[in-house]
Amino acid sequence: MEDSAPRPIRSVFAWLVGASQVLGLLAVVLTGVWMGHYRGGFAWDGSAQEFNLHPLCMVLGLVFLHGDAILVYRVFRNEPKRNVKLLHGIIHLLALIMSIIGFVAVFDFHRAGKIPDMYTLHSWCGMATLVLFCIQWVMGLMFFLFPVASSWLRASYLPIHVFCGLVLLVMAIGSCLLGITEKLLFSITSTYSQFASEGVLANILGIVLVCFGVLLGYLITKEEYRRPPNPEEESLSVHFKTLTEGGSPNTP
């Protein structure tokens with residue numbers, strides 16, 4: 001947090017960031033326990049154990065790492081913007097790698113078991129999330145980390161990029177909730193209504209994911225926690241204002 005911010009605000013911010021990390025890590029651990037303890041562990045051989053990598057990688061990549069990549073702009077408020085951009089891009093790259101591994105695992109499992117692909121709402125939402133995530137990462141790379149676009153285009157795309165990052169987090173968590181329900185109905189249909197321990201754990205995982213998303217959304221959108229302006233951001237703001245109000249931009 002910015003040193004000039006009131007101490008109560010800095011303290012609350014630190015506690016909220018800490019809570020978000022606890023929730024994110026708890027979601028990853030619960031997914032690992034579910035797949036490791038109740039579903040037989042992990043492997044890479046086309047078996048059900050290979051499928052178990054899918055939920056773990058998706059929660060780790062598209063939810064936890066993706067959320068943390070967004071959060072770095074709030075946590076490292078006073079670091080040089082270039083360094084924060086680089087960290088943001090690297091974490092998103094790790095999230096993308098984990099997500100691709102998760103997708104390969106589930107398609108490999110389906111192929112080995114001759115199971116149809118892409119027929120459920122979960123698979124549609126998940127694929128849409130991954131495709132849009134890839135596009136978002138490439139666009140961020142070209143517009144901000146290694147910019148090839150003009151300041152005018154960057155200013156136009158900046159609010160879209162920020163908005164899409166939040167939308168993708170919501171889509172990822174929503175896809176996870178659909179996947180949790182789908183997996184439970186496929187695996188323990190007969191005992192789910194009897195509060196089987198596996199079902200209870202998976203339900204708790206869903207609640208933790210929702211809480212993680214809500215808390216990150218609050219941290220990201222609350223005005224007091226935003227990164228203070230720097231010359232680059234002010235330049236982008238001038239261009240964005242020009243686009244919306246019809247003024248004449250100054251060349252940065």
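**Figure 1. Two cysteines, C125 and C211, in a predicted model.** In this predicted model, C125 is partly exposed, and its relative accessible area is 26%. C211 also counts as partly exposed, at 36% relative accessibility. How many disulfides does a search of the whole structure find? The search finds 0. For readers new to the term, a disulfide is a covalent bond that links the sulfur atoms of two cysteines.

**Figure 2. The whole chain, a run of helices.** Let us step back for a moment. How many helices and how many strands are there in the chain? There are 9 helices and 0 strands. Read from the N terminus on, the order of elements is α-α-α-α-α-α-α-α-α. The chain has 252 residues, and 45% of them count as buried. Among contacts with a separation of 6 or more, 72% are between residues 24 or more positions apart. The accessible surface of the chain is about 13,000 Å², and carbon and sulfur atoms account for 71% of that area.

**Figure 3. The largest nonpolar core.** This view goes inside the model, to a core of 48 residues. Look for W34, V63, I180, L205, L209 and L219, the residues with the most contacts inside the core. Two or more core residues come from each of helix 1 (7-38), helix 3 (53-75), helix 4 (81-113), helix 5 (121-145), helix 6 (151-187) and helix 8 (197-221). Which helix gives the largest share of this core? That is helix 3, with 12 residues. As background, nonpolar side chains tend to be buried together in soluble globular proteins.

**Figure 4. I180 and its contacts.** Here we pick out one residue of the core, I180, which is among those with the most contacts inside it. Which residues is I180 in contact with, once neighbours within four places in sequence are left aside? They are W34, A202, L205, G206 and L209. Three of these names, W34, L205 and L209, also appear among the residues with the most contacts inside the core.

**Figure 5. The second largest pocket.** This pocket holds about 690 Å³ of space. Its lining is made up of 37 residues, and F51, H54, V106, H122 and E182 lie nearest the centre. Two or more lining residues come from each of helix 1, helix 2 (48-51), helix 3, helix 4, helix 5, helix 6 and helix 8. Helix 6 gives the largest share of the lining, 9 residues.

**Figure 6. H88 and the residues it touches.** H88 lies in helix 4. Is H88 buried or exposed? H88 is buried, because its relative accessible area is 13% and buried means under 20%. Not counting residues up to four places away in sequence, H88 touches A69, I70, V72, Y73 and H161. Another useful landmark is L65, 23 residues from H88 along the chain, with 9.9 Å between the two C-alpha atoms.

**Figure 7. R227, a buried arginine in a loop.** Where is R227 placed? R227 sits in the loop between helix 8 and helix 9 (231-245). R227 is buried, since its relative accessible area is 12% and the cut-off for buried is under 20%. R74 is 153 residues away from R227 in sequence, yet their C-alpha atoms are 5.9 Å apart in space.

**Figure 8. K114 and M118, two residues with positive phi.** The last view shows the loop between helix 4 and helix 5, where K114 lies and where M118 is found as well. Phi of K114 is near 55 degrees, a positive value in a residue other than glycine. M118 has a positive phi of about 55 degrees, and M118 is not a glycine either. Which of the words buried, partly exposed or exposed fits each residue? K114 is exposed, because its relative accessible area is 76% and exposed means over 50%. M118 is partly exposed, with a relative accessible area of 30%.

Notes: Residues are numbered from 1 along each chain as its sequence is written. This is a predicted model: local features need pLDDT of at least 70, side-chain atom pairs count only at pLDDT 80 or more; totals for chains, interfaces and linings use all residues. Side-chain values use heavy atoms; hydrogens and water are left out. A disulfide is a pair of cysteine sulfur atoms within 2.5 Å. Buried means under 20% relative accessible area, exposed over 50%, partly exposed in between (1.4 Å probe, protein chains only). A nonpolar core is a set of buried Ala, Val, Leu, Ile, Met, Phe, Trp, Tyr and Cys residues joined through side-chain atoms within 4.5 Å. Helices (H or I, at least four residues) and strands (E, at least two) are DSSP runs, numbered from the N terminus. Contact means heavy atoms within 4.5 Å. Accessible areas come from the Shrake-Rupley method with a 1.4 Å probe; for residues, only the protein chains shown count as cover. On a 1 Å grid over the protein atoms alone, a cavity is a set of points where a 1.4 Å probe fits but cannot get out, and a pocket is an open set with protein on both sides within 12 Å along at least five of seven lines; lining residues have an atom within 4 Å of a point. Grid points are joined across faces, edges and corners, and a volume is the space filled by probe spheres set on the points.
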